[in-house]
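Ready for some practice in reading a protein model? Take a look at what is shown here, then work through the exercises at your own pace.

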Amino acid sequence: MITARTPAWARAAALKLTGFATSVIGCKCEAGIECELAARDTPDGRPGLSVLFLTMDKASLPEQLIVRLGQTVLTCPTTACFDGLPEVPDRLAVGKALRVFGDGFQASKLIGGTRYWRIPVMEGEFLIGETFGMQKGVGGGNFLILAADADAALAAAEAAVAAMTNRPGVILPFPGGVVRSGSKVGSRRYKSLVATTNDAFAPTLRAVTTSELPDGVNSVLEIVLDGTDAPSIEAAMRAGIRAACLPGVQAITAGNYGGKLGPHHFHLHKILA
Amino acid sequence: MSATITLSLATRPEHSLVADCIAPDRLAGLTGEEIAALPVLHGGRVATLGDFFQVRGERASDVRIEGDLTQVEALGARMAGGALTIEGSVGRDLGLGLAGGRIDVRGAAGDNAGGAGPGAARGMTGGEIVIRGNAGAETGTRMRRGLVVVTGVAGEGTGKGMIAGTLVLCGGAGPGTGRFLKRGSIVAFGDIERPATFRYACTYRPPHVALLLRYLRTRYGLDVPERHVTGRYERYSGDLAELGKGEILRWVGQ
């Protein structure tokens with residue numbers, strides 16, 4: 001949780017914190033704003049936002065989170081940072097690591113059994129929880145919107161994102177929640193690359209590759225979502241897919257990757273049943 | 001086993017009654033008979049708890065005490081857990097050397113609440129004490145960790161020699177408050193006589209105070225005005241005659 005004097009400052013910090021965190025392939029983490037928090041729902045009674053961070057493994061999370069928090073939330077006026085998963089037993093020492101920015105002038109406070117660090121800064125004080133909860137999440141939930149043209153695809157994607165935003169336990173890590181450059185694993189030509197364009201769904205390559213596009217489809221956009229658990233992702237996908245069924249949308253499918261992306265499989269027909 | 005152990009003062013002590021056996025974590029494993037047989041000191045003579053208190057309930061870490069307890073001393077001394085609710089005012093040495101748990105006093109407290117025993121280097125090392133009334137002299141003396149809240153006026157020497165922890169003083173406090181403070185915070189809504197060895201730092205809105213006061217509202221139902229939660233505080237660093245890493249935060253308004 002990031003809180004601040006105003007919602008705008010909380011958002012400014014959260015946007016920087018979750019910037020360049022679209023895909024674990026290129027960014028080493030995926031992050032996004034989960035939902036807005038009213039003042040009554042935050043520990044310090046100020047408006048805020050909750051943010052989710054996902055990495056491929058536990059070891060990568062502290063490195064990403066601590067560096068990013070230190071350069072974005074710590075630097076942003078009026079912010080404070082709190083653990084959103086206090087009941088989770090697996091703890092990550094975030095505030096404990098950042099406290100040393102205080103150069104020995106930092107102080108801790110134990111309030112209601114939770115330890116916080118007060119780091120003196122030029123503005124006043126930055127307050128951050130000593131540890132943050134860490135749990136297994138689900139990454140790579142997705143669906144593809146296949147539309148007659150780019151305008152229809154974009155309108156459907158925007159509607160889907162609107163329906164999926166501000167849902168607990170879910171983030172959409174890509175810009176505006178939408179991906180135009182879905183990828184496949186590996187490369188046909190460049191062996192060193194881990195991901196390259198999803199040619200099977202690229203309309204301009206229909207004639208030169210093994211296309212999976214039905215006739216009449218001229219643009220495809222992908223919605224990628226990560227979450228704290230499979231049910232949260234399913235609920236968001238259900239809302240998003242329904243909202244995306246707009247004029248010009250020919251089909252909605254999902255990247256399957258041969259079923260090898262992970263243990264969680266989201267079958268669209270079952271989700272919508 | 002019961003949810004709560006209730007101790008009702010049946011015989012008013014004629015002298016000071018040292019009842020440091022009353023600590024929820026120690027009573028949690030005892031039957032009613034065993035609780036009644038615990039030793040107390042009445043005017044320096046050994047007696048039993050049952051000589052003064054009627055005991056209801058057993059084997060619980062939630063303890064409630066009723067009656068005029070102004071002569072009863074050292075309630076909750078060295079307790080390490082559980083909850084102690086005191087309906088009325090209590091004598092000196094409440095929560096002496098407290099290590100954990102919560103003490104909620106629905107009245108005033110005598111001297112040295114949350115303080116240190118004679119010759120002890122440290123007072124309370126954890127836990128929380130809420131006094132819904134005035135507190136005597138030297139409240140929170142040499143406390144190492146924990147929280148003490150006084151909704152009324154605290155006596156002289158409050159927080160003397162604090163090593164760390166937090167004192168919240170909703171009313172005023174007597175002279176010498178915070179003297180020899182090493183670390184820790186004294187948050188004051190009212191007037192306190194600040195030692196000359198504290199130096200003004202700035203006026204700001206300390207984020208941890210808002211967090212703390214909201215916690216007190218939620219956890220203890222204390223009626224903390226919003227102006228104190230969101231208000232500005234003068235920060236005085238001190239005691240500069242000591243380590244100087246402590247602070248007095250004095251509310252100055254919105």
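Three exercises with worked solutions follow, and they use a predicted model.

**Exercise 1.** Find A:Thr72 and decide: is this residue buried or exposed?

*Solution.* Start with the location: A:Thr72 sits in the loop between helix H3 (60-71) and strand E4 (80-81) of chain A. Next, check the accessibility. A residue under 20% relative accessible area is called buried. A:Thr72 has 13% relative accessibility, so A:Thr72 counts as buried. Now look at the surroundings: leaving aside residues up to four places away in sequence, A:Thr72 touches A:Ala13, A:Lys16 and A:Leu17. Finally, a polar atom of the A:Thr72 side chain lies 2.5 Å from the backbone oxygen of A:Arg68.

**Exercise 2.** Which strands stand at the edges of the open sheet of 12 strands in chain B?

*Solution.* Write down the order: E5-E1-E6-E8-E9-E10-E11-E12-E13-E16-E15-E14, with mixed pairing. Strand E5 (53-56) and strand E14 (199-204) of chain B each have a single partner strand, so one side of each lacks a neighbour in the sheet and they are the edge strands. On average, neighbouring strands of this sheet are turned by 15° against each other, direction ignored. For one pair inside the order, take E11 (residues 145-150) and E12 (residues 166-169) of chain B, which pair in the parallel sense over four bridges. There, B:Val150 stands opposite B:Leu169.

**Exercise 3.** Which element gives the largest share of the lining of the second largest pocket?

*Solution.* This pocket holds about 850 Å³ of space. Its lining has 35 residues, and those closest to the centre are A:Gln106, A:Ala107, A:Ser108, A:Arg118 and B:Lys245. The largest share, five residues, comes from E6(A).

Note on methods
Residues numbered from 1 in each chain as written. Chains lettered and ligands numbered in written order. Predicted model: local features only at pLDDT ≥ 70, side-chain atom pairs only at ≥ 80, totals over all residues. Heavy atoms only, no water. Helix = DSSP H or I, 4+ residues; strand = E, 2+ residues; numbered from the N terminus. Buried < 20%, exposed > 50% of the residue type's maximum accessible area, 1.4 Å probe, protein only. Polar contact = N/O pair within 3.5 Å; in protein donor to acceptor, adjacent residues only side chain to side chain. Contact = heavy atoms within 4.5 Å. Pairing = 2+ DSSP bridges. Axes fitted to C-alpha atoms, helices over the stretch in contact; angles between N-to-C directions. 1 Å grid on protein atoms, 1.4 Å probe; cavity = no way out; pocket = protein on both sides within 12 Å on 5 of 7 lines; lining within 4 Å. Points joined across faces, edges and corners; volume = space filled by probe spheres on them.
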